[in-house]
Number of protein chains: 4
Amino acid sequence: MYAITLVIQCPDKKGIIADVTSFVYQQKGNIQYIDQYVDRENGAFFMRLQAELDEELCTYNSFVALFEDDLAKTYTMEWSHQHVDYKPKMAVFVSKYDHCLYDLLGRYKSGELDVTIPFILSNHADLAPIAKAFEIPFLHIPVTPDTKAKATQQQLEHLQQHDIDFVVLARYMQIIPEELIKVYKNRIINIHHSFLPAFPGAKPYHSAFERGVKIIGATSHYVTEELDAGPIIEQGVAQVSHNHSVSQLIAKGRDLEKMVLANAVKHHVAKKVMVYGNKTVIFT
Amino acid sequence: MYAITLVIQCPDKKGIIADVTSFVYQQKGNIQYIDQYVDRENGAFFMRLQAELDEELCTYNSFVALFEDDLAKTYTMEWSHQHVDYKPKMAVFVSKYDHCLYDLLGRYKSGELDVTIPFILSNHADLAPIAKAFEIPFLHIPVTPDTKAKATQQQLEHLQQHDIDFVVLARYMQIIPEELIKVYKNRIINIHHSFLPAFPGAKPYHSAFERGVKIIGATSHYVTEELDAGPIIEQGVAQVSHNHSVSQLIAKGRDLEKMVLANAVKHHVAKKVMVYGNKTVIFT
Amino acid sequence: MYAITLVIQCPDKKGIIADVTSFVYQQKGNIQYIDQYVDRENGAFFMRLQAELDEELCTYNSFVALFEDDLAKTYTMEWSHQHVDYKPKMAVFVSKYDHCLYDLLGRYKSGELDVTIPFILSNHADLAPIAKAFEIPFLHIPVTPDTKAKATQQQLEHLQQHDIDFVVLARYMQIIPEELIKVYKNRIINIHHSFLPAFPGAKPYHSAFERGVKIIGATSHYVTEELDAGPIIEQGVAQVSHNHSVSQLIAKGRDLEKMVLANAVKHHVAKKVMVYGNKTVIFT
Amino acid sequence: MYAITLVIQCPDKKGIIADVTSFVYQQKGNIQYIDQYVDRENGAFFMRLQAELDEELCTYNSFVALFEDDLAKTYTMEWSHQHVDYKPKMAVFVSKYDHCLYDLLGRYKSGELDVTIPFILSNHADLAPIAKAFEIPFLHIPVTPDTKAKATQQQLEHLQQHDIDFVVLARYMQIIPEELIKVYKNRIINIHHSFLPAFPGAKPYHSAFERGVKIIGATSHYVTEELDAGPIIEQGVAQVSHNHSVSQLIAKGRDLEKMVLANAVKHHVAKKVMVYGNKTVIFT
């Protein structure tokens, strides 16, 4: 017995749910979870389905091949699949801030994140001791205006050599080059300290303090070529008051960033995030 | 064209989703929403489905009859159905507190609640002017130990005479008699100011103040014979501090009660609440 | 015996707290609450103090006069005072949306808002029946480009004739003219459906839907000449998902707007809001 | 220049705020923060005050001695003081769960917690590698019914030998013996996964699942002799649904426990928590 997760999007059509569920049933499979959503304005259909099948009656590979030949073509689906037991390979990019890294690694060691972490990559050497303490290889690839192109090349090589499935930017303070974004489309997760109302620019917590906001927030999103404008995966907020100094705002913000990023990673790992246009459907 | 909502629970079995969705497809229907949940420990299957059908190809009544004969029997389903355009008839029971009543009536007048309100019923006359201001009939049925049996009889008559679908206890400070609970099983919604940790008894806000809690809560649930122990529909919480006096706790609690009760009513009206054992599945 | 609330801001100086508290003590007063805050970056001092005094030992008027002559001058204070039993006169401006109006009037009737409401004013006649149901005078002053100047004049006259203390814009869909803003500086409270990130423009919920945000928010602020940019009094947020249609976002937004506006009004009435620069100190 | 924090509670009396603030002023001090609260029902007064003083005009020790002789006696105060730069010595007790330990140590390394951690103590050896990775001594003191008395003795010795200021039970699954509670009254902080309504007993998340709650919570409190009934320092909650399995509830609970415990520790370290009766005043 094995379990497979299917994630599907396609133009909405009558009968699609019946066809997909019947297909699984014909392969002697049992549907364990099904989530479905239709964006009526855009006529777009979304489905996430987990089914249990018997290797002897229909192997994983033949299930996938049959589905592709049969339904995927009929409905012009964009779809992907994953073995439920598969642990995605996650690379973590960091700079000097350590709070998100500690949080992710703590969750990883606790068994809360169903991933493997082949390496941590940084443009600075500062966090190498943390990687060492958690026994994860640490790659130091400095990035300067001069070395940027070469650094990108090195990053790509490491990612491909380790067959990385997705990248988490745990407060990696560098702009991701287009080459990487193209190869890892909707597979690079960033955490951004955005506010209500949003404060762009270099010092958002200082702006928030000046404006006297009563709530701060953080947003995790996929990286696209437009800075901080990619599809939103998760958002979180916290109440603050005039009484919070800038440094207290930053401390509250760190907690938000940790929580929001961890939840975004969990959604991604469970293949619960579907991107379309510049937004997401998340089957939680 | 018409739309129907089906709400189903039954023992979990292979192929059930495929069978239900294919059935709809065979009647030339289009599934607009499908939500499904399996409680694996108890082997229980739950589904809420909304489909659009063509009156000329399959009338509402024949759809329902076919479904009953075919699938409902095969899978020993407990199921119910509702025309999407149907506005349930809601009776509101109150005593002297007016905040939940104002909130519900404001939402009703704004068109936010898809119901009709044939009457407001109370054991006191105090809130009659509110009913009048909102142009809704007000029934005053006093309840004393002596008149309790007769009052119950009168309540039942009014409920049945107006063909009431469900009852909302908007801070009705009387215990609901068994006769009513039996007739309106999982159709009487109560709002309860419960706390973290829970404070039973007559003055929960005073207990919460004494205990120095930092969070208060409210719970909306279906009424069962065991007091305040019925299936939970919705819960809400708010942060408080030592600085809140008992009366400020009560004011915060009122806001929670309004919000939590309104959400519970909306879930119920949309047939999104399924009860099993002493808990609920809510497809939001 | 009477109780007085003092609200003070001035440049921060050594000894100021000691001086103020000693002054109260010298008038045989007893301090019931004291809240204090210093913005160190700007060297600004803020205090809210409630004291109980004996009319026979020091009248309200003589207390105020002594304080003005003595401390207020020494420390170049901006300060104000209010009798604790005083009920501020609140005017409510509305257009066609009724949810905030129902909410405020419900709270008012419940005794939750310590105000009087001399009138409700609108540029449309639609909500007159609500005012009537709650037995509050309703003024219909249409506003067109041609009549705008005259309408402003009428509004001012009504406000001054009724000695209004502050104005609540309960979804009043008109820009407030400068003349009113000047006369009622930091005394006109607006509710704004702002988002994370902020969506300016006419249809914020549609923008939020397009962007796929996971959290929506509302902000209550004092009206200044720059649109929606005045000092923030209160903010609230709610979680949403891809599953919320635009109309469901709007419904969630209505609940936020009601709650956030009501809290802002309560803070203002209790003289807990102090404005400086473009931000607020709120002693909750 | 130095800064001192005073934390005071005593019976409420007229003039006390004026007396305390004047005292600081007479020692040429400048009050930086003042927070005050009166429990009117119990006639109890609470104050937290931070002042900056000049070592040459009034040493720390003489300030403390003068205050004790003068005000503390006059008002029969219970009071304590702390140098603002002092880093309290915190011992961490753990068993086998590692999530709170990772969280605390991550915050400690990030400089977010203003403490030193002389040792981590456990009744099991499992978490020794984490202590090693963070370079903190790890004491393994097994506890069995037979060795309990001796273990308590050893614990006390270590605590006193390292001059520990307070103890954090980061999911330490043992009942704390009375001897320790007495010595470290209101200085042992526990984290408890309590629910709404509260579920006592060994498997609260299973009970919560059975009951179908929509919100789970966690509570941090000081340890008293009555189990899980000590003064509450901090509480947090999270929304859940029928869709959360027991293990997902537990994962959500872990995040709550981490956040709530960390906040409780921060409040304690900043001397912002005052205990009276069985409740707390927290000046945040």
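User: In this predicted model, where in chain D does D:Glu135 lie?

Analyst: The model is a predicted one, and in it D:Glu135 has a phi near 60 degrees, a positive value in a residue other than glycine. At 67% relative accessibility, D:Glu135 counts as exposed. As for its place in the chain, D:Glu135 belongs to the loop between helix H4 (128-133) and strand S7 (138-140) of chain D.

User: Is A:Glu135 buried or exposed, and what is its relative accessible area?

Analyst: In chain A, A:Glu135 is located in the loop between helix H4 (128-133) and strand S7 (138-140). Its phi is positive, at about 60 degrees, although A:Glu135 is not a glycine. Exposed means a relative accessible area over 50%, and A:Glu135 is therefore classed as exposed, with a value of 68%.

User: How many disulfides are there over all chains?

Analyst: A disulfide requires a pair of cysteine sulfur atoms within 2.5 Å. For D:Cys100, the nearest cysteine sulfur is that of A:Cys100, which is 18 Å away, and D:Cys100 is in no disulfide. When the count is taken over all chains, the number of disulfides is zero.

User: Is D:Cys100 buried or exposed, and with what relative accessible area?

Analyst: The class of buried residues is bounded by a relative accessible area under 20%. D:Cys100 falls in that class and is therefore buried, its relative accessible area being 1%.

User: What is the relative accessible area of C:Cys58?

Analyst: Buried residues have a relative accessible area under 20%. C:Cys58 is therefore counted as buried, and its relative accessible area is 4%.

User: Which residues of H1(D) does H1(C) meet?

Analyst: The axes of helix H1 (residues 16-26) of chain C and helix H1 (residues 16-26) of chain D come within 8 Å and cross at roughly 145 degrees, and the crossing of H1(C) past H1(D) is left-handed. The residues of this contact comprise six nonpolar, four polar and no charged. From H1(C) the contact draws on C:Ile17, C:Ala18, C:Thr21, C:Ser22 and C:Tyr25, and on the side of H1(D) these meet D:Ile17, D:Ala18, D:Thr21, D:Ser22 and D:Tyr25.

User: How do the residues of the contact of H1(A) with H2(A) divide into nonpolar, polar and charged?

Analyst: Within chain A, the axes of helix H1 (residues 16-26) and helix H2 (residues 60-74) come within 12 Å and cross at roughly 150 degrees, in a right-handed crossing. H1(A) contributes A:Asp19, A:Val20, A:Phe23 and A:Val24 to the contact, while H2(A) contributes A:Phe63, A:Leu66, A:Phe67, A:Asp70 and A:Leu71. These residues divide into seven nonpolar, no polar and two charged.

User: What distance separates the C-alpha atoms of A:Gln26 and A:Cys58?

Analyst: A:Gln26 is part of helix H1 of chain A, and it is exposed, with a relative accessible area of 53%. A:Gln26 and A:Cys58 stand 32 residues apart along the chain, and their C-alpha atoms are separated by 10.0 Å.

User: Which residues does C:Lys13 touch, not counting residues up to four places away in sequence?

Analyst: C:Lys13 is found in the loop between strand S1 (2-11) and H1 of chain C, and at 46% relative accessibility it counts as partly exposed. C:Lys13 and C:Ala44, 31 residues apart in sequence, are 8.8 Å apart in space from C-alpha to C-alpha. Leaving out residues up to four places away in sequence, the residues that C:Lys13 touches are C:Thr74, C:Tyr75 and D:Asn30.

User: Which residues does B:Glu257 touch, not counting residues up to four places away in sequence?

Analyst: B:Glu257 sits in helix H8 (residues 246-269) of chain B. With a relative accessible area of 2%, B:Glu257 is buried. Apart from residues up to four places away in sequence, B:Glu257 touches B:His99, B:Cys100, B:Arg171, B:Ile191, B:His193, B:Tyr205 and B:Ala218.

User: Which residue of chain C comes closest to the rotation axis that relates chain C to chain B?

Analyst: A turn of 180 degrees with a shift of 0.0 Å along the axis lays chain C on chain B with an RMSD of 0.0 Å, which is the relation of a two-fold axis. Because 100% of the interface residues of chain C are also interface residues in chain B, the copies meet through the same surface. Of the residues of chain C, the one that comes closest to the rotation axis, at 2.4 Å (C-alpha), is C:Ala133.

Definitions and conventions:
Residues numbered from 1 in each chain as written. Chains lettered and ligands numbered in written order. Predicted model: local features only at pLDDT ≥ 70, side-chain atom pairs only at ≥ 80, totals over all residues. Heavy atoms only, no water. Buried < 20%, exposed > 50% of the residue type's maximum accessible area, 1.4 Å probe, protein only. Axes fitted to C-alpha atoms, helices over the stretch in contact; angles between N-to-C directions. Helix = DSSP H or I, 4+ residues; strand = E, 2+ residues; numbered from the N terminus. Left-handed = near helix turned anticlockwise from the far one by under 90°. Contact = heavy atoms within 4.5 Å. Nonpolar A, V, L, I, M, F, W, Y, C, P; charged D, E, K, R; others polar. Least-squares fit on C-alpha atoms with pLDDT ≥ 70 in both.
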